Amino acid sequence: MNRKRIIAGNWKMNLTQESAKELMKDVIKWTPKNLPNDVDVVVCVPFTLLSTVHAMTKNTRIKLGAQNMSWAEKGAFTGEISSEQLIEQGVTHVIIGHSERREMFNETCETVNKKIKTALKNNLTPIFCIGESEQQFEKGETNTVVSRQTKNGLEGLTDDEIKKVIIAYEPIWAIGTGKTASKEDAQKVIAFIREQLPKGVKDIIPILYGGSMNAQNAKELLDQIDIDGGLIGGASLKAHDFLCVAGSCI
Ligand code: PGA
């Protein structure tokens, strides 16, 4: 099954106008000659950098993503941002339910589900994040956790809607820690997540791995049959590292 492969950078709360431009200059220069045709590169940047990065990427193959959005369409939601506002900035993808938002900003499976629905309604592609904590991993609860998160996050969506979602499996203990899941474990969990999806969509949806993916370990992870790409945090902040990851999708 030839699924689209995706390398998505998650800049988190990093970079300012000048450093973002520097980084994007290198990424843009590299892409036309080196990025395989079936691979999408997405950069998920802070809200304040959307317009700058969009101006640089709009005639390139690089797609623009945000890191969060509101489930509401508009109105009295101080500090929130809507799909319409993101789309106006050139955004096509949006990370939803990142573990940092679930753990530190009280996002629940219910708000994640609402956000995915709002994103899809507005034609934004959700990058829907799931993954177990270290404690859950150690107790052997990974499958229970990811299957619950998958089911709750996608609840009420039709198969046609689910087809438009990208899932990112990110074990929380691997995020920003330098401790990557082994290629065997990452493959096993991602294959299991795929099995939780409805029959008509499970072979179509791209599922990414995230958690300390970098220039050194990307190739062996991306070579796994069910791993369709990566959600890259730390390594997306350095052009060389990010491009090594993207270039590992051969
Ligand atoms: P990391 O972050 O690559 O720095 O571990 C991944 C993520 O949080 O999306």
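1. A definition to start with: a residue counts as buried when its relative accessible area is under 20%. Please keep in mind that this is a predicted model. By that cut-off Ser212, with a relative accessible area of 17%, is buried.

2. Where does Ser212 sit? Its place is the loop between strand S7 (207-210) and helix H10 (218-222). Leaving aside residues up to four places away in sequence, Ser212 touches Ala174, Ile175, Gly176, Thr177, Gly178, Lys179, Thr180 and Asn217. You may also want to look at the backbone here: phi of Ser212 is near 55°, a positive value in a residue other than glycine. As background, most residues other than glycine have a negative phi.

3. Now to the ligand. It is surrounded by 13 residues, and the closest are Lys12, His98, Glu170, Gly176 and Ser212. By type, this shell divides into four nonpolar, seven polar and two charged residues.

4. Which backbone atoms approach the oxygen atoms of the ligand? For Gly176, a backbone N or O atom lies 2.7 Å from a ligand oxygen. A polar backbone atom of Ser212 is likewise 2.7 Å from an oxygen atom of the ligand. For Gly233, the distance from a backbone N or O atom to a ligand oxygen is 2.8 Å. On its own the ligand has 280 Å² of accessible area, and the protein covers 96% of that.

5. Helix H5 (residues 109-121) gives a neat geometry check. With 13 residues at 1.5 Å a residue, H5 should span 18 Å, and its end C-alpha atoms are indeed 18 Å apart, so the two values agree. The expected span takes 1.5 Å times one less than the number of residues.

6. Which residues of H5 are buried? They are Val112, Asn113, Lys115, Ile116, Thr118, Ala119 and Leu120. An α-helix has 3.6 residues a turn, so residues three or four places apart point the same way. It is worth viewing the buried residues of H5 with that in mind. Their cover includes helix H3 (83-88), strand S4 (93-96), helix H4 (99-104), strand S5 (125-130), helix H7 (142-153) and helix H8 (159-162).

7. Finally, have a look at Asn123, which follows H5 and lies in the loop between H5 and S5. Asn123 has a positive phi of about 65° although it is not a glycine. Is Asn123 buried or exposed? With a relative accessible area of 67%, Asn123 is exposed, whereas Ser212, the other positive-phi residue discussed here, is buried at 17%.

Note on methods:
Residues are numbered from 1 along each chain as its sequence is written. This is a predicted model: local features need pLDDT of at least 70, side-chain atom pairs count only at pLDDT 80 or more; totals for chains, interfaces and linings use all residues. Side-chain values use heavy atoms; hydrogens and water are left out. A residue is near a molecule or strand if one of its heavy atoms lies within 4 Å of it. A polar contact is a pair of N or O atoms within 3.5 Å; within protein, one must be able to donate a hydrogen and the other to accept it, and residues adjacent in sequence count only if both atoms are side-chain atoms. Accessible areas come from the Shrake-Rupley method with a 1.4 Å probe; for residues, only the protein chains shown count as cover. Ala, Val, Leu, Ile, Met, Phe, Trp, Tyr, Cys and Pro count as nonpolar, Asp, Glu, Lys and Arg as charged, and the others, Gly among them, as polar. Helices (H or I, at least four residues) and strands (E, at least two) are DSSP runs, numbered from the N terminus. Buried means under 20% relative accessible area, exposed over 50%, partly exposed in between (1.4 Å probe, protein chains only). Contact means heavy atoms within 4.5 Å.
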